[in-house]
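Student: Please take a close look at one part of this structure, and start from a single side chain and its contacts. Then carry the account on to the aromatic rings and the charged pairs.

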Amino acid sequence: MRIIVERALRQNWERLFSYALRLSGSRDGAADLLQSCATKALAAAPPEEDERVRAWLFAILRNIWIDEHRRGETGAAIAEETLEDEQWRHDDRVIAVITVRQALERLDQPYREVIELVDLAGFRYGEAADILAVPVGTVMSRLSRARLLLLNAIEGGSVRPFAALQRKRASD
């Protein structure tokens, strides 16, 4: 069983880290979340069906984040910290990523979470339903509303520059 979990962790490490980064908002928080997830997964018995192990790992990660978030142990740093470390390349793709990130941050947690799982992490509806512990129909309807809300946030011009960019502009 441990071999199955180790293999699943290796195969999904980058996606798990990306999801942890989205949840925690910082690279350090994501690394801590992922380490806790790996530790907990290696100590537990995985689902008997191999195809469910990936969703199981994401559910563990999410539950750890929820537990830590409830205890107030996670930082509230926004992903802009990550962006400050990256070199600005004036690439339209970078601008698109920033715009979507900002709009995604404005969504309520249930909507943001379903987009992260289905659209960003690539889970099927059933897998996302298992991770979120909700019916598949709820995932589908929540995803539909979430995509509309995301589109409205982007098109509505309600997306503001990150604080770091505002500080840079003020100092120029």
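**A buried arginine, and the rings and charges elsewhere**

Tutor: Leaving aside residues up to four places away in sequence, Arg112 touches Arg22, Leu104, Glu105 and Leu107. The model is predicted. Arg112 belongs to helix α6. The side chain of Arg112 is buried yet has no salt bridge, and Glu116, the nearest side chain of opposite charge, is 4.1 Å away. A salt bridge needs a side-chain nitrogen of Lys or Arg within 4 Å of a carboxyl oxygen of Asp or Glu, so the 4.1 Å between Arg112 and Glu116 does not qualify. What the side chain of Arg112 does reach is a backbone atom: the oxygen of Glu105, at 3.4 Å. Glu105 is also among the residues that Arg112 touches.

Now the rings. There are two aromatic pairs in the structure. In one of them, the ring centres of Tyr19 and Phe58 are 5.5 Å apart and the planes meet at 40°, so this pair is tilted. Because Tyr19 lies in helix α1 (residues 2-24) and Phe58 in helix α3 (residues 53-71), the pair ties together parts that are 39 residues apart in sequence. Tyr19 is buried, at 3% relative accessible area, and Phe58 is buried at 0%. Phe58 also pairs with Phe123: their ring centres are 4.4 Å apart and their planes stand at 80°, so this pair is edge-to-face. The Phe58 and Phe123 pair links distant parts of the chain, 65 residues apart, with Phe58 in helix α3 and Phe123 in the loop between α6 (109-120) and α7 (125-132). Phe123 is buried as well, with a relative accessible area of 3%. Tyr19, Phe58 and Phe123 form one aromatic cluster. A charged side chain is placed at this cluster too: Arg54 lies over the face of Phe123, 4.1 Å from the ring centre.

The salt bridges come next, and ten are counted. One of them joins Arg147 and Asp119, with N to O at 2.6 Å. This pair also links distant parts of the chain, Arg147 being in helix α8 and Asp119 in helix α6, 28 residues apart. Arg147 is partly exposed at 37% relative accessibility, and Asp119 is partly exposed at 36%. Another salt bridge is made by the side chains of Arg124 and Glu127, at 3.0 Å from N to O. Here the partners fall in opposite classes: Arg124 is exposed, with a relative accessible area of 56%, whereas Glu127 counts as buried at 10%.

Within helix α1, Glu6 forms a salt bridge with Arg10, and their closest N and O atoms are 3.8 Å apart. Glu6 and Arg10 are four residues apart in that helix, so about one helical turn separates them. Glu6 counts as partly exposed at 26% relative accessibility, and Arg10 is exposed at 62%. Arg2 joins Glu6 and Arg10 in a network of salt bridges.

One backbone detail remains. Ala133 lies in the loop between α7 and α8 (136-155). Phi of Ala133 is near 60°, a positive value in a residue other than glycine. Ala133 counts as exposed, at 68% relative accessibility. Arg112, where this account began, is by contrast buried.

Methods. Residues numbered from 1 in each chain as written. Predicted model: local features only at pLDDT ≥ 70, side-chain atom pairs only at ≥ 80, totals over all residues. Heavy atoms only, no water. Phe/Tyr/Trp six-rings, centres within 6.5 Å; stacked < 30°, edge-to-face > 60°. Helix = DSSP H or I, 4+ residues; strand = E, 2+ residues; numbered from the N terminus. Buried < 20%, exposed > 50% of the residue type's maximum accessible area, 1.4 Å probe, protein only. Lys NZ or Arg CZ within 6 Å of the ring centre and 35° of its normal. Lys, Arg positive; Asp, Glu negative; His and termini not counted. Polar contact = N/O pair within 3.5 Å; in protein donor to acceptor, adjacent residues only side chain to side chain. Contact = heavy atoms within 4.5 Å.
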